[in-house]
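Me: Please look closely at one part of this model, the buried interior. I would like a connected account that goes from the chain as a whole down to single residues.

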Amino acid sequence: MDNQNSQGFSPQDTPVDLTNCDREPIHIPGRIQSFGALISVSADWMVNHVSLNISAFIKADPQDMIGAPLNKYVEEDALKLIRSRLPLLAGVDAVERLFGVTLSEGVEPFDIAVHMSGRSIIIEIERHVQGKRADYTSYVRPMIERIGKAETSEELCEDAARQLRHLIGFDRVMVYQFAHDDSGEVIAESRRAGMDSFKGLHYPASDIPKQARKLYTRNLLRIIADVSDDGIEIIPTLSPEGEPLDLSLSTTRAVSPIHLEYLKNMGIEASLSISIMRRGKLWGLFACHHEEPKTVSYDVRSAAELFAQLFAFVLEQKHNDEARLEAAGAQLLHDRLMSQLAEHSSIIENFRLIVDAIQHVIDYDGAIGWVEGEFQSLGYTPTQEEFMGLVKFLNTTAASRIYNTNNVASVYPPAEEFADRAAGMLVLPVSRTPRDYVVLFRREMVNSVTWAGNPQKAVTYGPNGARLTPRKSFEAWKEVVRNTSAPWTEAEVRAANSLRLTLLEVILRMADAAVNERKKAQERQELLIAELNHRVRNILNLIKGLVNQSHAEARSVAEFTQVIGGRIHALARAHDQITDKKWTPTSVRELIETEAEAYLGLKATRVRIEGDNALVSPQAFTTLSLVIHELMTNSAKYGALCDTSGSLRIGLSLEPDGSLVIDWREIGGPPITSQPTRTGFGTTIIERSIPYELGGKASLRYEMSGVEARFVIPEEYVTLPSGAESTKPKAPVPEEVSQEKSGLSGCVLVLEDNIIIAMDAEQMLTQMGAADVALAADVSEALAHIDKSDITFALLDVNLGDETSEPVAEKLREKNIPFVFATGYGDAISMLDRFPDAPVVKKPYSSAAIERAVGKVM
């Protein structure tokens, strides 16, 4: 904020609103953060500005440097290297980087950033981190490959936050997305064990003022190494033209006092933010917090910035993929509605079907259909009387375009009366004349936004003048939003456009159907008559054949009447069962039970049916009914059911290929002493009907204990009842699929100096049940985790470059915390001998290897 007192105004004279923060000149603070130094030179390489701490970096007095040539303080080789970068600056917002540059003899190497600021060349200097030099940009490719496997945008952002936190070592990394009104929401988060979660919290637009958002689009990475740092002054304060030095692109630019107070209120000592740009606009930020001061080396920051840029491309691709899925869903809905509504007369008659289908792609609380003067409503909506007034307003909107608002009352004031039921609406016009609509409504959103503290900041007067004080409470606060619903998203509006075209097509198809309905009805009648004639002829031919064949085997008129009557009644019973099921597949069990009850009477209790309750098609059912009838008849006359002691067992089972097997076994009847010498028509029906008419199998055996038969009905005639489970053999489950988790829980420590291997181990341990995984790259970091967190298990890399994990193992043994060693070296055995109870897994290790080792110590 500008200090209003310095301009001659009293705080009380200053109007205080959200624009105060927006007017703060954060790009010209006149100071830098103390982790770096700054030199500004003119086009002829004369020093025009310098930070007062320059002498801590190179052998020079800041006052003496002003107006002197830079080559007086910087070696010629270093100066040539810096100059060579200027032609590479691509655009006004470009920054070139150099690593490990020696500026003068006897001085440590530095990392350098070079950019243009107006007519000045800005050179920023940071100490080069030695001893742990690594090509951190090489980590970016596998990091991007990992996040690219995410199924959804939400998973992508969560994975990205986790990957970035491992790279920069901060306590918390959040993905912060801006809304259309510049407020923001934390949509993903990765945090150190024990920290409170900010995920799902909303922040008002005033938390990131307009000029800060503008700088985020120019300078993609912003680091605050220590919120308690007072900063270093730049001299002179103004140029000869009276202008301060513009530090918009400077990495070391000092921080607004208001923002520092904001971070202190949150308990944060260091922060890092990286812009996420989408289609040239600021989509969001990676917002990173650390509870202790932290300076991230320039090479790590460069890798993090590259990761954020590539993440934006992956995010765009994921959004495009999701848009294609939404389009495919809309097309699927179109096809479903077209198939379901093509034969119906109007949208109103099928209104519930339509709006139920719409809910698969668009969430709503209520819906109204207004078509050809007819009114239908569902859920939370205005009354018909209230809607009629709203229709007059809708008639003023474009006839062929979707109309939507999340605040109906703002465009149609009478809507305040029903805002509790219908605060927002999405309107689908489905005709031009008359004006017909399908309207979706959403209820008032009164308690659905969780703010990080009250977004209405309190005004106070302090050392920085009249300003909005950063809130001191970050507890969740519910903002009450009146007359407003949840907004309709771009994806929902796109889906509504597709649905509108679908409904228009439905109307056209229904109109065509009405014209041709009479002709089609006549054609259907003729078709039904022809089908009826066909079925009657088939039944008559079947009965004629039964009469002829039964006559040949009957010895008297009475016997003929009994035989032919039984067979025709069996057909009639089967026909009744098929008709009751509307010519759909019918139960074999019910067929057998019906036949037994009709023919055997009280003896039917001696028939036991076991196995699957399969269904067979009408064609197979008619054939099977005659076979079962003949078997029942023979059993009642000559077999197990002809006396008082025998019984009948019928087994039904499904084969792996889906065919149905029927096993018929008679028990306890008169013993069969010889095979029949003559094959009658009944036996012919039993042995030949199923193979001949269905292509199945049939076998009939006359055993001493009774008749046994086996029939196989092919798969194409067989189905299972709805909800039933097949008893056919299932493929064995592989051992590894059925393994249980190893029993891990709580916070697990991984000590590993390679970030890629560490993240693989984290994923494995999480899948084994770990609630949280703390990663450490060296001994000191691992010991700090043990002191701060309740570690339940540890996986320790033996060799860590210039140190081993022995001190960590000793600490874990003292605390009685189980651990496992991991090593790719054979020369570490001497150290391992001191911990005989700790299992060792060889690198590269697998999830199964770790799980076995965990099982030994847990």
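**The buried interior**

Reply: The chain has 21 helices and 35 strands. The model is a predicted one, and what follows should be read with that in mind. Of the 858 residues in the chain, 48% are buried. The accessible surface comes to about 42700 Å², and carbon and sulfur atoms account for 51% of that area. As for how the chain folds back on itself, among contacts with a separation of 6 or more, 66% are between residues 24 or more positions apart.

The largest nonpolar core is the place to start. This core has 62 residues, and L164, L167, I168, F286 and L765 have the most contacts inside it. Helix 8 gives the largest share of this core, nine residues. A second, separate core has 38 residues, including V607, L694, I713 and Y717.

Back in the largest core, one of the residues with the most contacts is L164. Setting aside residues up to four places away in sequence, L164 touches M143, V173, I274, F286, C288, A304 and F307. F286 is thus both a partner of L164 and another of the residues with the most contacts in the core.

M143, also on that list of partners, leads to helix 4. M143 is one of the buried residues of helix 4, together with V140, P142, I144, R146 and I147. Helix 4 spans residues 140-147, and with six of its eight residues buried it is mostly covered. The buried set includes R146.

Helix 8 shows the other side of the matter. This helix runs over residues 298-341 and holds F313. Is F313 buried or exposed? The relative accessibility of F313 is 61%, so F313 counts as exposed. Together with L306 and L310, F313 makes a nonpolar surface patch of about 270 Å². An α-helix has 3.6 residues a turn, so residues three or four places apart point the same way. Helix 8 therefore appears in two roles: a contributor of nine residues to the largest core, and the helix in which the exposed F313 is found.

L263 gives a contrast with F313. L263 is located in helix 7, residues 257-265. Its relative accessibility is 3%, which is why L263 counts as buried. Apart from neighbours within four places in sequence, its contacts are I224, V227, I268 and S271. H289 lies 26 residues from L263 along the chain, and their C-alpha atoms are separated by 9.0 Å.

Strands take part in the interior as well. Strand 32, residues 772-776, is largely enclosed by the rest of the structure because four of its five residues are buried. Strand 31, residues 747-751, runs parallel to strand 32 and is joined to it by five bridges. One of the residue pairs is L749 with A774, the latter in strand 32. Strands of a sheet pair through backbone hydrogen bonds, either parallel or antiparallel.

The antiparallel case can be seen elsewhere in the chain. Seven strands form an open sheet in the order 1-11-3-2-6-5-4, with antiparallel pairing. Strand 1 (31-32) and strand 4 (96-101) are its edge strands, each pairing on one side only. Strand 3 (residues 47-51) and strand 11 (residues 232-235) run antiparallel and are joined by two bridges. V50 has I235 of strand 11 as its bridge partner.

Note on methods: Residues are numbered from 1 along each chain as its sequence is written. This is a predicted model: local features need pLDDT of at least 70, side-chain atom pairs count only at pLDDT 80 or more; totals for chains, interfaces and linings use all residues. Side-chain values use heavy atoms; hydrogens and water are left out. Buried means under 20% relative accessible area, exposed over 50%, partly exposed in between (1.4 Å probe, protein chains only). Contact means heavy atoms within 4.5 Å. Two strands pair if DSSP finds at least two bridges between them. Patches are made of residues with over 30% relative accessible area and no salt bridge: like charges are joined within 9 Å, nonpolar side chains (Val, Leu, Ile, Met, Phe, Trp, Tyr) within 5 Å. Accessible areas come from the Shrake-Rupley method with a 1.4 Å probe; for residues, only the protein chains shown count as cover. A salt bridge is a side-chain nitrogen of Lys or Arg within 4 Å of a carboxyl oxygen of Asp or Glu. A nonpolar core is a set of buried Ala, Val, Leu, Ile, Met, Phe, Trp, Tyr and Cys residues joined through side-chain atoms within 4.5 Å.
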